[in-house]
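Here are a few exercises to work through with the model open beside you. Try each task before you read its solution.

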Amino acid sequence: MAQLKGAAKQRYVATLFSRIASRYDLMNDLMTGGQHRRWKRKTAKLTATGLQGKALDIATGTGDLAMALARRPGIQHAVGVDLLPDMISLGRTKTQTRGLAGRTSLLLGDAVELPFPNGAFACATAGFSLRNMPDLRRALAEMVRVVRPGGRVTTLELTPMPHGLQSHLFRWYFHRVVPLVGRVVAGDRSAYTYLPQSVDYFLEADRLAELFRELGLVEVGYLRLGMGTVTLHWGNRPPA
């Protein structure tokens, strides 16, 4: 199923994440030992540093990255969009309990057809969602479109690791252990079989950086996190 593209992939992924929404946060904590929260804070800091205005998080899930953006100096308001009502509902509850409802809006929306005008945001990010896009280039192009000149686009994603011992160990953990945990905790082994497979079909870090450049971003770079399993990419829109 990781090879699916276009509308078929979007339908499959939407159904999958709807099934696991209630255990989504717990599984993220278990799979990463809670490190995903630190990586999202780091992403939010890099995304927003030196900028003033509104921030966007696409395919926000339950809103962790949107809320991390809302806490950054200079960010007046953070907006998270997601296709799934269940994720948005869970995220809105979190914004309330964390005292961020006034600074964070979570909305239904499609990452490949964002409902915002050109240049509406100072920055835009995507956390662990690019692999699930029905059209990766279009999703990134939409992020670039809605960011104003001089703004920034970032992504946080699992990407294929260079071949070596660490890569073999990670693949064993991700392909063997994670599906078992998914079956026990989320009651859905198939969902947590798809997610590891999706990394195998995703772009390597250098190729994703090149795609940023092809879409007009400058000062493009990336940083590997999580012993090389996760990559934080960034690029800036050229000033007008």
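Which residues lie nearest the centre of the largest pocket? Before you start, note that this is a predicted model, where local features need pLDDT of at least 70, side-chain atom pairs count only at pLDDT 80 or more, and totals for chains, interfaces and linings use all residues. Residues are numbered from 1 along each chain as its sequence is written, and side-chain values use heavy atoms, with hydrogens and water left out.

**Exercise 1. Explore the largest pocket.**

Step 1: Get the term straight. On a 1 Å grid over the protein atoms alone, a pocket is an open set of points with protein on both sides within 12 Å along at least five of seven lines, while a cavity is a set of points where a 1.4 Å probe fits but cannot get out; lining residues have an atom within 4 Å of a point.

Step 2: Find the centre. M31, T32, L158, F170 and F174 lie nearest to it, out of 26 lining residues.

Step 3: See which elements take part (helices are DSSP runs of H or I with at least four residues, strands are runs of E with at least two, both numbered from the N terminus). Two or more lining residues come from each of α1, α2, α3 (35-48), α7 (165-186) and α8 (191-200). Helix α7 gives the most, with five residues.

Step 4: Add the volume and the classes. The largest pocket holds about 560 Å³ of space, a volume being the space filled by probe spheres set on the points, which are joined across faces, edges and corners. Its lining has 16 nonpolar, eight polar and two charged residues (Ala, Val, Leu, Ile, Met, Phe, Trp, Tyr, Cys and Pro count as nonpolar, Asp, Glu, Lys and Arg as charged, and the others, Gly among them, as polar).

**Exercise 2. Now describe the largest cavity.**

Step 1: Count. The rule gives one cavity of 30 Å³ or more, and the volume of the largest cavity is about 440 Å³.

Step 2: Look at the lining. There are 30 lining residues, and A59, T60, G61, D82 and S129 are the ones nearest the centre.

Step 3: Trace the elements. At least two lining residues come from each of α1 (6-20), α2 (24-32), α4 (64-70) and β2 (75-82). Helix α1 has the largest share, with four residues.

Step 4: Sort by class. You get 15 nonpolar, nine polar and six charged residues in this lining.

**Exercise 3. Which residues does K94 pair with in salt bridges?**

Step 1: Use the rule, which asks for a side-chain nitrogen of Lys or Arg within 4 Å of a carboxyl oxygen of Asp or Glu. The whole structure has 12 salt bridges.

Step 2: Take the partner D25. Its closest N and O atoms with K94 are 3.0 Å apart. D25 sits in helix α2 and K94 in helix α5 (residues 85-97), so this pair links distant parts of the chain, 69 residues apart.

Step 3: Take the partner D64. Here the N to O distance to K94 is 2.6 Å. D64 is in helix α4 and K94 in helix α5, so the bridge ties together parts 30 residues apart in sequence.

Step 4: Check burial (buried is under 20% relative accessible area, exposed over 50%, partly exposed in between, with a 1.4 Å probe and protein chains only). K94 counts as buried at 10%, and D64 counts as buried at 10% too.

Step 5: Zoom out. D25, D29, R37, K40, D64, K94 and R98 are linked in a network of salt bridges.

**Exercise 4. Is E157 buried or exposed, and what does its side chain meet?**

Step 1: Place E157. This residue lies in strand β5, and it is buried, with a relative accessible area of 0%.

Step 2: Find the salt bridge. The side chains of R131 and E157 meet at 2.6 Å, N to O. R131 lies in the loop between β4 (121-127) and α6 (136-146) and E157 in β5 (residues 147-158), so the pair ties together parts 26 residues apart in sequence. R131 is buried as well, at 6%.

Step 3: Look for backbone nitrogens. That of S129 lies 3.2 Å from a polar atom of the E157 side chain, and that of L130 lies 2.8 Å from such an atom.

Terms used
Polar contact = N/O pair within 3.5 Å; in protein donor to acceptor, adjacent residues only side chain to side chain.
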